[in-house]
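Let's take a walk through this one together. We'll start with a single helix and then move on to a place where two chains meet.

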Amino acid sequence: MLRLLRLFNLRHLRRKRLETLLCLLGIALGVAVMVGIDLANQNALRSFRRTVDAVTGRATHQILGGPAGIPDSLAATIISGSEVQATPLLEYVASARFHATIQDTATKMILHLLAIDPLTDADFRDYSIAANATARSGSTAMSTGLRFLLQPGAALVDEDFAAAHHLKIDDTLKVLIGARWREIYIAGLIPKQTLSQSGLDNLALVDITTGQEIFGRVGYVDRIDVIASETAARTLAAQLPASLHLEAPARRSQRVNDMLRSFRLNLMALSFLAVFVGMFLIYNTMMFAVMQRRKQIGILRCLGVTPRQIILNTLLEAFGLGVIGSLLGLGLGVVLADYVTRTVTTTISDLYVFLKVSSVTLNSGILTKFFLIGLLTTLLASAVPIIEASKVPAAVAVRRSALEFRAQKFAPRFAFAGICFLVIAIVLALNSIQGGEVFGGFFFGLAAALAVALGAIFLTPLLTLVLVRFTGVIMNKLAGMIGVLAARNIQTALSRTAVAIAALMLSLSMVLGMGLMIASFRGSLNDWVKSVLQADIYLQPTDAATAKWEALFPPEFIQFLEQQPEIDAIDLYGATAFTYRGQPIYLIAISAVVVKDRLDFIFTQGNDQENWQHLIAGEVFLSDGFARRFHKAVGDTVVLSTLHGPRVFRTAAIFVDYSFEQGQVMMDHRTYTENWGASRITNIGVFLKPQIDFRRYAVDLRRALAGRFAVQVIPNRDLRERVFKVFDQSFAITQVMQILAGVVAFIGIISAVMSLLVERTRELGILRAVGMGFGQLHQMVLIESGLMGALAACIAVPAGTALALVMIYVINLHTFNWTINFQINFGAYVQIWWMALAAALLAAIYPMSRLKKISIAAAIREE
Amino acid sequence: MLRFTLYLLFCAFTTSILAQNDFARAEKMRDWKFPRDHGQHPAYQTEWWYFTGNVKTENGRRFGYELTFFRQALAPAILPRESQWAFRDVYIAHFAITDIAKGKFYYTQKSARGALHLAGADSALLAVHLGDWSARQENGREGEQIRLRAASDFGEIDFVLQALRPPVFHGDHGLLPNSHLPGDAVYYYSLPVLQTTGILRCHGESFRLTGSSWMDHEFFTPIANPQVIGWDWLSLHLSDSTAVMLAQWRQIDGSISPYATGTFIRREGTTQIFSAGNFSFIPQAWWTSPTSGGKYPVAWKIKFLDYELQLRTPVANQELDTRRSTGKIYWEGCVEVSGKKGQQEIRGEGYLEMTGYVK
Amino acid sequence: MIRLENLSKIYGSRENPIVALHDVNLTIQTGEFIALYGRSGSGKSTLLNLLSGIDRPTSGKIFVHAAEVTAMDENRLTLYRRDTIGFVFQFFNLLPTLTVLENVLLPGQLNKHSASKLRERGLHLLAQLGIADRHQAWPDQLSGGQQQRVAIARALINDPQLLLADEPTGNLDSETGLHILEILKSLSANHDKTILLATHSLDAAQFTDRVFQVKDGALVAQTNKAGK
């Protein structure tokens, strides 16, 4: 019996080839979205983490100093005196170029420069030199090792890097460090085997002497690596002077992780969303697939097949579909992950740390996880309607109206549930706003958004009924009986149409919510940019692209600028990655006297002039993000660890900021220097004298700098453009989600329209029999589909707005730490309307083309 | 493929031939002056200060120790550099303790650049250090004395060494040729009898010890001699208050180099120099290292003057794998001898070094 | 006048043909009430389907008032169905999503008749058929007889010349069936409609002017009713 049933199912699948294909596509897309986002999430930081691990080697701990690093003498004392093994280190991520090819732009050659002391490093890292790597240097035969230790600029580079860029031993490389091109030459090669094991790419080793010299860091080391037992480490930590501290190397990747916290949260949210959308999509497709089978099931029941057999058999089919669909989804997901990883890597590289774009590594854990999720969702999605279908008495199963009657009866109950969800959303949002716990807050915010979505979904059936009844009247006027029929069809097939409308509504709400949020964000950012970016020209070391905030202007450059007669004032800006209560923040040093009258900081309170006076007197400004994150108000004190131990700073003011989501403590250069040593200048704002044309001056300045300093000269407007470019880039991945949501909705609508038509074959036959032409039939289908689209858009307007509010005032403010003012954006609303109608009308095209195939005689004979 | 540091130093030791020409060579007689000659001699590429000794507790529990500092110049002079990490000399130190009662041998090694006080040696007196390991001349209660300090995860020493004899010069007034090759010679003197007192900690246990140590100080500019595959070196303190140093170079054909030498130090401090024919130093039994595969003679028959001694090693495994620092695997450990001088029963303790036994 | 010439309909494949109609020739005068009598599967429904343009013959021609139905394209066929034909089915085939009146008006609306006049006519037809009071009801709220009367009203809304009824009483009890047949008869008699009634009941056939017996896809006998 079961075998016969199975045959029956296979025949069904073969006959309904398109429906089967849609169903598979639905499952595959659902799985793909989940796999894609999750894989990308896992992969984005992998290369960075591997580099950190490889550089860390066998070190169990690291000794770190303040922003300036550890002074040589202190480093030497620690290395000499400690009972544990210790070795000093400097690191820099520089762009490099082969000196024969002189180009002004930094090429794509990126070198991870590591300055080590080979004499104390042997126990930490297993770098080896290719054994035959002895080279000629002039007439003197000198071993690679000796050259490495003794000759300025000697470097060992990895074989892969050398091969990729056609570099040989003795070749000179220019590396961009701190706005200047420095020269290194290749003294030897590090063999591939060593590197592939350690996971380092693009590595260049230099002796610590060369390192200090080319990094412009003479007198300091970045850190000291230590191999020590836990007890020895504790003893060591206790002996360290106040300016140094000991930490586990894992803290370093952890710090980057912390720095990327909100970015990762964003990805995680997207990943959740992907799971949600994916499961919804699978549920949607499977439900349609089973519902189409109701009649068949009814017949089987009439023939005496037990419900159990039907359930088992149909589940078996769903299992087959689930396996194939999920496998397809894994493949699609990997392709998607590749794109998403690229986007994510670009964003992280733009904003946080330089990452090499790496191809996606498959993670069998993730693949298995989502394969199972795909399969289980498919089974679950089919189980609900299958069980329902198998339970109803044989005769009733044939007639769909019974179900529809129930669906309409349930609509108010669903609506009640929907209202409950909305109430929950409000409670969660308030909780998230009040709750201090950042991570918990994020989940509350996410839950609030989810509750809004669920609320809208559950309200959809009732709203559909109400709106359809209302539109029915209009439709009668507009399109007569055809319009009435179309509207009534939506109403009668509520169990299907409501699901399709909800799916479309959900994706439209997401698009609208994101759209409104992004537009509001952009608007707020624009206000800030206008008030804070007011210098005529901005300067940044070219190597900031790779070294981020480690790329510093050399003092010579500042002297050079100070001699320029066209310049009225210079704002020296120094950003330093710092830690406050174990969390990453930034210390910002500015030229307070220069900027106080030139920039319009948006302070939350207080008199501008007084605020600046306090800052100049040694107090600090906190960014709004910092204040929110650590619950600080004006007048509160902030304790920061300085070279002289912990010091208390009073908060003079709080200002709105969009440059660092981690939060920043801003101070005058003098305050910084007193506490952390020499100022680090990472950016410079140049104010020109009134009569100077900034465009012409930018050109002149570039020409004057050429060959001396590698500095990006960015006129004000270009910087503003760049700010928005980075902004848009960081939302690129969101667009992927929007597109996927659109596809989900589209598939939902297309399967809804299809199944509506398939089920109504007889009705269509009657309509044709009583004289309805194809044109009128098409008109009806289009109205039906378009009406569903319009209904979805109608419901999406409030739902999407609510989502935007949750994202702006709950998630962004309290988790991502951005202050955004909600701004109505008509474009976003218009966009979802045309998206809805376009999706709905497109979805009608294929079903319409199938109408011709209906045989009237056969259709009306069916009963 | 070799490990990084080893390779660097290996290259430094062997292939910087051209640069070597600019170093001074041990060729002329030296006008020895102390304490200046206890200090470093940067004109010569290689220099070492070797401390070995046998010590015991009041209850007679015996230990051996070795603390050695090597200085190796990478070049006669270096370019002026901005960074304070620039250096000319590599310093390497080996530290070993033999716990005879437990039959255990512990050793470790360190290296550092001669910069930023990470490691260095004074030119005016004996003061060499690498990190917190050091050998320093101090003014003690009984005049000049040497303070030795070293610590590692297995143990720690803090000894005061009092010289009971003046420096003893080997070879021809401290100039000892190693072969017929011109310039293949070393400047070499010893403080042969150093009364030793101090504290030794080994795996948490602390001991107050007394005993006697031996210091060798050599400096030279090495010349590769392909004929020589290794050497055996021995220092002994004998029960008749004499002391002796014996050294022989094993050649590639299995013979002993004619440049073998020895120095006998009488009770009152006068010396007698041996050349190849004056003594015999013959292996009797072998021990094979389970880690390196090296086959070392651990029992020897020794004859010089009217002494006939049987040497044995209380702990067979006193092998040091220092490929990471000096690039060598060698055996250096405490030994004991017993035998006769004529009819007189003689006993003694000392240190034996054997190199070139690992293929 | 309706003329069928050598009409044949063959289903199935060439190797295994199922002959539904074989070489049927028939001429019907305007206003005649004709019964096609035969057992289920005899070919009478096929004949009605071909006549109504729902189905196309394998060979042969159909002329209705000089127009050749078999030569019409799909668009003209749709208009032909809408204007010339009224169809009454065994299972009523009312649209469940439309009310009684809306069902009746549907073919008229497709013709874009004036809404108010159409509505008047629809109500009039329902009144004629005795179910005017139920015009706002949903089809599933009506009895079988009532539903069939609604179906008849729908068939008449565009004032067709030819009414085709396929077992209109097949799903009704005999008394209700009788009533429907009387309605049809009066339509033929008083409104000059040409009516083709397909039935397997000899009693039903007795209501008509002429009875053709259909067997295995062919017209085998014709009975002219006495008294006409």
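Before we look at any helix, here's a handy yardstick: the expected span of a helix is 1.5 Å times one less than its number of residues. Keep in mind, too, that what you're looking at is a predicted model.

Now find helix 6 of chain C, which runs over residues 174-191. It has 18 residues, and from its first C-alpha to its last it reaches 25 Å, close to the expected 26 Å.

Which residues of this helix are buried? They are Gly177(C), Ile180(C), Leu181(C), Leu184(C), Leu187(C) and Ser188(C). Look down the axis of helix 6 of chain C and you'll see these buried residues fall within an arc of 110 degrees, so they line one face of the helix. Turn to the face pointing away from that buried side, and you'll meet the exposed residues Glu175(C), Glu182(C), Ser186(C), Ala189(C) and Asn190(C).

So what covers the buried residues of helix 6 of chain C? The cover includes three strands of chain C, namely strand 3 (33-37), strand 7 (162-166) and strand 8 (194-199), along with helix 5 (144-156) and helix 7 (202-205) of that chain. Just after helix 6 of chain C comes Asp192(C), with a positive phi of about 60 degrees.

Next, on to the neighbour. Chain C puts 22 residues in contact with 20 residues of chain A. On the chain C side, helix 2 (74-83) and helix 3 (100-110) each supply at least two residues, and helix 3 of chain C gives the largest share, six residues. Sorted by class, this side of chain C has eleven nonpolar, six polar and five charged residues.

Terms used. Residues numbered from 1 in each chain as written. Chains lettered and ligands numbered in written order. Predicted model: local features only at pLDDT ≥ 70, side-chain atom pairs only at ≥ 80, totals over all residues. Helix = DSSP H or I, 4+ residues; strand = E, 2+ residues; numbered from the N terminus. Buried ≥ 20, exposed ≤ 12 C-beta atoms within 10 Å, placed from the backbone. Arc of directions from axis to C-beta. Contact = placed C-beta atoms within 7 Å. Nonpolar A, V, L, I, M, F, W, Y, C, P; charged D, E, K, R; others polar.
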